[in-house]
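Biologist: I have a new model open on my screen, and I'd like to understand the words people use for it. Could you walk me through them?

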Amino acid sequence: MKTHTRVCIIGGGVVGCSVAYHLTKLGWSDVVLLERSELTSGSTWHAAGGFHTLNGDTNMAALQGYTIGLYKELEALTGMSCGLHHVGGITLADTQDRFDMLKAERAKHRYMGLETEILSPDEIKARAELVNVEGIVGGLYDPLDGHLDPSGTTHAYAKAARMGGAEIELHTKVERLTPHAEGWEVVTDKGVLIAEHVVNAAGLWAREVAEMVGVYHPLLPMAHQYIVTDDIRQIYEREGEFPHVIDPGGESYLRQEGRGLCIGFYEKKCEPWAVDGTPWDFGHELLNDAFDKIEDSIAFAYNRFPVLETAGVKSVIHGPFTFAPDGNPLVGPVPGVRNYWAACAVMAGFSQGGGVGLTLAQWMTTGETERDPRALDVARFGHWTTPGYTVPKVVENYQNRFSVSYPNEELPAARPFRTSPVHDLLDGMGAVWGQTYGLEVANYFARNGDARYETPSFRRSNAFGPTGAEVAAVRGAVGINELSNFGKYRVTGPNARAWLDRIMAGRIPQPGRLSLTPMLAPSGRIYGDFTVSCLSETEFQLIASYGAQAFHTRWFDTHAEDGVTVENLSDTRLGFQIAGPRARDLLAACTRADVNADALRFFDVRHMTVGMADCIVQRVSYTGDLGYEIYCDAPAQRHLFQTLWQAGEPMGLRPFGMRAMMSLRLEKFFGAWSREYSPDYTAAETGLDRFISFTKNSDFIGRAAAEAERTTPPARQLHAFEVAADDADVVAYEPIWLDGKVAGFCTSGGFAHHSGRSVALGFVPREVAQDGLEAEIEILGTRHAARLITTPLFDADGARMRG
Ligand SMILES: Cc1cc2nc3c(=O)[nH]c(=O)nc-3n(C[C@H](O)[C@H](O)[C@H](O)COP(=O)(O)OP(=O)(O)OC[C@H]3O[C@@H](n4cnc5c(N)ncnc54)[C@H](O)[C@@H]3O)c2cc1C
């Protein structure tokens, strides 16, 4: 074994081998992969080998599409067979909701270039005659679905990696990882290796490897079972291979295996495995058969696939594999640990392994990824995750693997967990809660007699009425909303301004003022949209998305400089925003400070006492109305609320939640982080370039790319549309049709209650984008007339917001 390497990958499953291949492909050939046993010795060897593109997250679907497309390339490169069977797959829908979901997926596939197809029950029967289509509403056909040989594929990745210069050491177990001047000292049972970077691709043992560097990765193995039948005459006499059939209603997936069938289940009575740690001596063994947990699913399958009832069982495969709380992989640079990278919790290694390898290799070799990595970024979970959180959440995810997932759904497991000091006060006012990054956040407030639960739906839900009432309160009087779910940072030190000038593309404000600014990557893509407030020449407050805390602090750490300290105050600096025409009256009633329009202007920031609390007050509002953000420390938050509430109630003050906030911002066409503003888009594409300071004397990150966009504007541009929707509004990624062709897609949308319009934001080609452009937007399979609008639907001249 070498003694030094640039990258040491721990784990020779499909994921580790894919990372090794992709690193060499992108030019890093000094790579050593260490495997404690043989290649595939974790969960890889007993996988069913199925692959498919369908994924509710668009970037994950694209990553799966890349993985599937890679196999032919791998075969050509290595001369090895991956045992590919591109037989196509049908996902069944046995309810209207499930069919709505498939139609929404099909719509997204249009601009992704995926040739999926909606099928009627008869068309399903014609392609997969062994399916009992009774009760089936329809299905989605994907010609790319198929299966492969897990072992052959892993060895093909390994061969391709070796061809690119990687070395693979088998029977070499990593026992300890110690920080080293050059990166890491990797202590194995065969000697020591110094590695600049370490990648945790240890699959079933990823938790144990993470512990070696002192971090916790939220993942858990689950025991999973599939059954292979004896030969079935209807299968082996069939012309052509039987397609994959996923029956989400029955929690099963089925495909041909040799001359019989193979069926696996994501059963409700599922079992976590090795909760407290994976034994190091777990090897190539399977778990005992456990028919009791799948008996209900089997009974269901007999009805859906009657041929199974008479088929004998040839073998049962019951083995563990790992999941993160949301079922997506944990990939990327691990916040707070230098040169340590995650490539674990990959629950669908044969749909996702290639894309995971590519994403990580891009990240390591260039510092960025080609696509927005947030769906799989290890940083989407924060320091707050614990095994106590992970276990119920992974169980929930496993049980819901084939459930309909609704855009407005708030999953109940492991909640409530993290709450702000006013949680019970808001709860008493009828708050219906959602969760962001572990924190309970009020989505809306149920009124007397309303259910305290939002019905999951693709259409307008029971939150529609209460949300409308909250919007009316804000636009008509004044509303109050918690600021706990903002990410908040304190930046201090003699070099704070210079550092911010480099990190942020926009102008950094003078003392007492605030500014809005994008934070760009070198490629010009958006890594954050921040409010920067200057409290003094050496102290600034940054506000961004609460859910992006680890993503942003990792970026700050990567670009750290002497003379600057960045503290994450997201959970300690809390507060409220008040918004609406009476917001100024309310603030004035609670403070002796002068808050008149001349004394506290739009974009001013001040320290002031509100009630008894020492607060930072800034005049800005995401609602597009006259509004203030009032920040205090956590112990003062209840007092601040009570002060504002007592003064505000006679003025018509009402609490409002995230649903109302999203509705309010839509009629001003304000973009949102993770919807309009994400690493998938650039500043000029989204219009955020209006906040870039090209005149400032700073070589800010992303400057060259942003300047290039000024010379050559990007091909697409974000715009607002008014949609002739009926009972369902745009959520995200719906196609925008122009002249009968898909020409763009939506980033978000919803009902703007105050103006009474259904609004969508989305990208269309720059050359055709103009006020009044007639388009169509496809919602749940139906095209609706849409018109591009450039004048905000509320306070178009900003008189109310700035007045
Ligand atoms: C029954 C079953 C059916 C499945 N069906 C499918 C399917 O149809 N399609 C699909 O896409 N996926 C399927 N999967 C999931 C698939 O198996 C996993 O997604 C995949 O195997 C994950 O691969 P990995 O490389 O991340 O982890 P693993 O395969 O667990 O590999 C990790 C490797 O790291 C090594 N290692 C760990 N610690 C160390 C150390 N300290 N030093 C050196 N080496 C170490 C281990 O020996 C192991 O070889 C199935 C899983 C099961 C259990």
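Modeller: Happy to; what follows is a set of questions on a predicted model, each answered by setting a value against its cut-off.

Biologist: Let's start with cysteines. How many disulfides does the structure hold?

Modeller: There are 0 disulfides. C82, for one, is in no disulfide, and the nearest cysteine sulfur, in C17, lies 12 Å away. A disulfide needs two cysteine sulfur atoms within 2.5 Å.

Biologist: Why is there no bond between the sulfur of C270 and the closest cysteine sulfur?

Modeller: Because the closest one, in C262, is 19 Å from the sulfur of C270, which is too far for a bond.

Biologist: And is C82 buried or exposed? How about C270, buried or exposed?

Modeller: Buried means under 20% relative accessible area. C82 has 0%, so C82 is buried. C270 has 11%, so C270 is buried as well.

Biologist: On to helices. What makes α1 and α2 roughly perpendicular?

Modeller: Their packing angle does: α1 (residues 14-25) and α2 (residues 58-78) meet at about 75°, with axes 13 Å apart. Angles of 65 to 115 degrees count as roughly perpendicular, and therefore α1 and α2 earn that description.

Biologist: Which residues meet where α1 packs on α2?

Modeller: From α1 come Y21, H22 and K25, and from α2 come Y66, L70, E73, L74 and L77. Sorted by class, this contact has 5 nonpolar, 1 polar and 2 charged residues.

Biologist: Why is helix α13 called largely enclosed?

Modeller: Because 6 of the 8 residues of α13 (residues 496-503) are buried, the rest of the structure largely encloses this helix. The buried ones are A496, R497, W499, L500, D501 and I503. Their cover includes the strands β23 (486-492), β24 (514-520), β25 (526-536), β26 (539-545) and β27 (565-568), along with helix α14 (549-558).

Biologist: What makes strand β21 mostly covered?

Modeller: The count: 7 of the 7 residues in β21 (residues 439-445) are buried. β21 also pairs with β20 (residues 431-436), antiparallel, over 6 bridges. Two strands pair when at least two bridges are found between them, so 6 bridges for β20 and β21 meet that cut-off. In one of these bridges, T436 has L439 as its partner.

Biologist: What lies between β20 and β21 in their hairpin?

Modeller: The hairpin has 2 residues between the strands, and Y437 in the turn has a positive phi of about 50°.

Biologist: Now the sheets. How do you know that β29 and β32 are edge strands?

Modeller: β29 (605-610) and β32 (653-655) each pair on one side only. They belong to an open sheet of 6 strands, in the order β29-β30-β31-β28-β22-β32, with mixed pairing. From one strand to the next, the twist averages 30°. Within this sheet, β28 (residues 573-579) and β31 (residues 627-633) pair in the antiparallel sense over 7 bridges, and F576 stands opposite I630 in β31.

Biologist: Which helix packs on that sheet?

Modeller: That is α16 (residues 637-648), which touches β22 (478-482), β28, β29, β30 (613-618), β31 and β32. The direction of α16 makes about 15° with that of β28. Angles under 35 degrees count as roughly parallel, so α16 runs roughly parallel to β28.

Biologist: And the closed barrel: what is its strand order?

Modeller: The barrel has 6 strands, running β33-β36-β35-β34-β37-β38, with antiparallel pairing. Neighbouring strands are turned by 45° against each other on average, direction ignored.

Biologist: How do you know that β34 and β37 pair?

Modeller: At least two bridges are required, and 2 bridges join β34 (residues 735-738) to β37 (residues 774-779), so the cut-off is met. W737 stands opposite E776 in β37.

Biologist: Last one: what are the partners of β33?

Modeller: β33 pairs with β36 in the antiparallel sense over 8 bridges, with V723 partnered by S758 in β36. In addition, 4 bridges join β33 to β38 (residues 782-789), also antiparallel, and there E722 has R787 as its partner. As for cover, 6 of the 8 residues of β33 (residues 716-723) are buried.

Note on methods. Residues numbered from 1 in each chain as written. Predicted model: local features only at pLDDT ≥ 70, side-chain atom pairs only at ≥ 80, totals over all residues. Heavy atoms only, no water. Buried < 20%, exposed > 50% of the residue type's maximum accessible area, 1.4 Å probe, protein only. Axes fitted to C-alpha atoms, helices over the stretch in contact; angles between N-to-C directions. Parallel < 35°, antiparallel > 145°, perpendicular 65-115°, else oblique. Contact = heavy atoms within 4.5 Å. Nonpolar A, V, L, I, M, F, W, Y, C, P; charged D, E, K, R; others polar.
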